[in-house]
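Reader: Got a minute to go through this one with me? Pull it up and start with how you define a pocket.

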Amino acid sequence: MKVWNDFVKPIVVLGVICLVASALLAGTNGLTAPIIKENTERTANANRTELLPDADTFTQVECTVEGVTEAYKADNGAGYVITAAAKGYGGDVPVMVAFNSEGTITAVKFLDNDETPGLGQKVKNEDFSGQFAGREAQEMELGDIDAISGATISSRAALNGINSAIEAYNVLSGNSESKTELTADEIRAAVLPDAGELTAIELDAPGVTEAYKGSNYGYLIYVEGVGYHDKPMYAAVGFDDEGVITGLWTDGMGEGEPVREAFTGLGLADQLIGKTDASEFDGVAGATMSSNLMRDTIQMAVDAFQLVKEA
């Protein structure tokens, strides 16, 4: 009896209390979860209506643009409200951006974030968020806005989120500027002409995504680098058997306007054809940083070819 009173009974009582408490918590959660969800949706819809007052109701639309978490289209055609986020100093910086049917930003609202109080939190202030209203849905650089003094990282994150929303709007509305698309075969024919049949080879080198050897001559190496906005940029570089560059295709669509189109396609090939490295690559005037990053990307292909040559 002593064992029951001193040891077993307290354990049984504690177990019963835990079971009852768990059941009560589960029941409470079951009752409150729908209410919480409804309140959250009501608040979000109120925010959307506040940002795009000409809209009547909204329907969520699918969007796969990187950084975008939600996209809603006004049912009466008034525009879109898109929520996106980018990584700041203390975490993600979420933002809702409203666009009217003409592609103009009507309002921007930054949501709660974990940025530094007194600095990064200032992205939520009207004197910062208000500067975007009336701007066209075109990607912006940090120099195009009034950044927050002493909070460059938070300012850049805020702008990156807005740029993601802009990209999403242009995709959803059909206004995205489409670059001249080349098929994989067209790229290969231009970059390594008359190479014959291309056979994939394994090439373990930084940045390399694909590599091929031509049956007649040469090698074709695809690489991926990181651009100015921390978005990927790509290059396909052809080499003859001695390492002389035979052609170049680049993709810099992740870069900012107005140079992104200039970084994409075959237009930069003349700068390097006949060369053996990327040191003479000048890129695009007015885009020094992006040009330097593209040069570094191309150089990864050059360095990778040296591994092939030495093998």
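Author: Sure: on a 1 Å grid over the protein atoms alone, a pocket is an open set of points with protein on both sides within 12 Å along at least five of seven lines, and lining residues have an atom within 4 Å of a point. Its volume is the space filled by probe spheres set on the points, which are joined across faces, edges and corners. This is a predicted model, where local features need pLDDT of at least 70, side-chain atom pairs count only at pLDDT 80 or more, and totals for chains, interfaces and linings use all residues. Numbering runs from 1 along each chain as its sequence is written, and side-chain values use heavy atoms, without hydrogens and water.

Reader: What volume does the second largest pocket have?
Author: About 330 Å³.

Reader: And which residues lie nearest its centre?
Author: A86, K87, N160, H229 and D230, out of 15 lining residues. Helix α3 gives the most, 6 residues (helices are DSSP runs of H or I, at least four residues; strands are runs of E, at least two).

Reader: OK, the sheet. What's the strand order?
Author: β1-β2-β3-β4-β5, open and antiparallel; strands pair if DSSP finds at least two bridges between them.

Reader: Why is one side of β1 and of β5 left without a neighbour?
Author: Because β1 (58-60) and β5 (105-110) are at the edges, with a single partner strand each.

Reader: How many bridges join β2 and β3?
Author: 5, linking residues 68-74 with 79-87; A71 has I82 as its bridge partner.

Technical notes:
On a 1 Å grid over the protein atoms alone, a cavity is a set of points where a 1.4 Å probe fits but cannot get out, and a pocket is an open set with protein on both sides within 12 Å along at least five of seven lines; lining residues have an atom within 4 Å of a point.
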